Amino acid sequence: MRTPRSRHIFFLMNHVFVGFGISLFYGVSTSLVMWIMEANDIFTKYVLSFFSVFNCVFSGGLIFGAAIIMNNSQNYIPKLIEEVFSSEALAKTEYGEQRKRYFSILRSITFSTNFLLVGAAIYYIADFGISRLGNYFMIAFASAQYAAGVYVGRKMFYLAQMLNSIVVVEFEDDIFQDDRLAGIGTYVNALSTVTIFFTYMHSISYFGGAFAANPLFPATKILILLMAVIAAPVITIFNFYPRVVLQKLYSRCILMQLEKLKAKTARTNMTAFERMSYAIEYDKLCREELRNRMRVALSDLPVAITIIMMVIQVVMK
């Protein structure tokens, strides 16, 4: 059975440019409305706030791009799992339930809507200090970033849940030698990297932005880092736990193949010592290869340290 190729995941990075296009279109179209509806000084302040002070094109572009990537690639890992393991074996695990939650449109809409409202409340209190219309435009855009960001975070969480459910899946094929689940690591790295970038850009753009002198804002300014606070554990779990799952599955596969090897060599003219030496050497080589794979994967992206340092840097400014 042929496994899907992971290379196409990197072509999905082109969707980040679509995200930038959406942000740019929103900025230009709302600026045009402000030019028609407001005085010149208000229009100028809005343009500067959107394109410069709060870096909306960059933060929004990364977040919307990540949401598009997630939406267009959401079938990748489920398809990979279902091509490697049989439906009968998966039916004995919680994979089906976690998959259902992962693809649930209603759950995604509900979760994103809740955080859209949270974001709207935070930025309403923050007060961009432009005009009523200008503030509404800025609040709508910032809140949409919250909704898109938590959409990505929710999907990442349930991807990790799906992977967790297959730890106990039954299989007979040698999935280790062909590294048939290698695409999982590629996908995790790509999505985690984009998520870290947009979390950092959103946090630093808005936390350091010039808001109006709202008396309530100093006490609530820390809430702007809510996205980073939520993202940190999700990204860390999503980045590291799938590798733990792969290690457990591959370790089980090695043990299974080792038992088959012992049974096969038992039918030959090899001595007991030769059979034992052969099995030990096979196990040693496989374990070393597994350690090398995991070592390279874990050195790709020190997520926990990265995200913590980013948040600290933003707060200290």
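In the predicted model, Lys 155 lies over the face of Tyr 102, at a distance of 4.5 Å from the ring centre. Lys 155 also takes part in a helix–helix contact, as one of the α9 residues that meet α8.

Helix α8, comprising residues 105–126, packs against α9 at an angle of about 140°, and the two axes are 7 Å apart. The two helices are therefore oblique to each other, since the angle does not exceed the 145 degrees above which a pair counts as roughly antiparallel. The crossing of α8 and α9 is right-handed. On the α8 side the contact is formed by Arg 107, Ser 108, Phe 111, Ser 112, Phe 115, Leu 116, Gly 119, Ala 120, Ile 122, Tyr 123 and Tyr 124. The α9 side contributes Ile 139, Ala 142, Ser 143, Tyr 146, Ala 147, Val 150, Tyr 151, Arg 154, Lys 155 and Tyr 158. The loop between these two helices contains Asp 127, a residue other than glycine with a positive phi near 65°. Most residues other than glycine have a negative phi. With a relative accessible area of 23%, Asp 127 is partly exposed.

The protein chain as a whole contains 14 helices and zero strands. Of its 317 residues, 46% are buried. Among contacts in the chain with a separation of 6 or more, 87% are accounted for by residues 24 or more positions apart.

Two helix pairs involving α2 were examined. Two packed helices are described by the angle between their axes and the distance between the axes. Helix α2 (residues 15–37) and helix α3 (residues 40–53) cross at roughly 170°, with axes that come within 9 Å. Helices α2 and α3 are therefore roughly antiparallel to each other, the angle being over 145 degrees. In this contact, Ser 23, Leu 24, Tyr 26, Gly 27, Val 28, Thr 30, Ser 31, Met 34 and Trp 35 of α2 meet Ile 42, Phe 43, Tyr 46, Val 47, Phe 50 and Phe 51 of α3.

Helix α2 also packs against helix α4 (residues 56–73), here at an angle of about 135° and with the axes 7 Å apart. This angle makes α2 oblique to α4, and the crossing is right-handed. The α2 residues in this contact are His 15, Val 16, Val 18, Gly 19, Phe 20, Ile 22, Ser 23 and Leu 24. Their partners in α4 are Cys 56, Val 57, Phe 58, Gly 60, Gly 61, Leu 62, Phe 64, Gly 65, Ile 68, Ile 69 and Asn 72. Ser 23 and Leu 24 are listed in the contact with α4 and also in the contact with α3. Asn 55 is found in the loop between α3 and α4. Although Asn 55 is not a glycine, its phi is positive, at about 45°. Asn 55 counts as partly exposed, with a relative accessibility of 25%.

A search of the whole structure identified 18 aromatic pairs. One of these is formed by Phe 50 and Phe 51, whose ring centres are 5.0 Å apart and whose planes make an angle of 65°, an edge-to-face arrangement. The two residues have distinct accessibilities: Phe 50 is buried, with a relative accessible area of 0%, whereas Phe 51 is partly exposed at 29%. Both belong to one aromatic cluster, together with Tyr 26, Tyr 46, Phe 64, Phe 137 and Phe 141. Within this cluster, Tyr 26, Tyr 46, Phe 50 and Phe 51 are also listed in the α2–α3 contact, while Phe 64 is listed in the contact between α2 and α4.

Two further residue pairs illustrate separations along the chain and in space. Tyr 76, in helix α5 (residues 76–84), is buried with a relative accessible area of 5%. The C-alpha atoms of Tyr 76 and Ile 184 are separated by 8.7 Å, although the residues are 108 apart along the chain. Asp 173 is located in the loop between α9 (132–165) and α10 (182–207) and counts as partly exposed, at 43% relative accessibility. Asp 173 and Cys 253 are 80 residues apart in sequence, with a C-alpha to C-alpha distance of 8.0 Å.

Methods. Residues numbered from 1 in each chain as written. Predicted model: local features only at pLDDT ≥ 70, side-chain atom pairs only at ≥ 80, totals over all residues. Heavy atoms only, no water. Phe/Tyr/Trp six-rings, centres within 6.5 Å; stacked < 30°, edge-to-face > 60°. Buried < 20%, exposed > 50% of the residue type's maximum accessible area, 1.4 Å probe, protein only. Lys NZ or Arg CZ within 6 Å of the ring centre and 35° of its normal. Axes fitted to C-alpha atoms, helices over the stretch in contact; angles between N-to-C directions. Helix = DSSP H or I, 4+ residues; strand = E, 2+ residues; numbered from the N terminus. Parallel < 35°, antiparallel > 145°, perpendicular 65-115°, else oblique. Left-handed = near helix turned anticlockwise from the far one by under 90°. Contact = heavy atoms within 4.5 Å.
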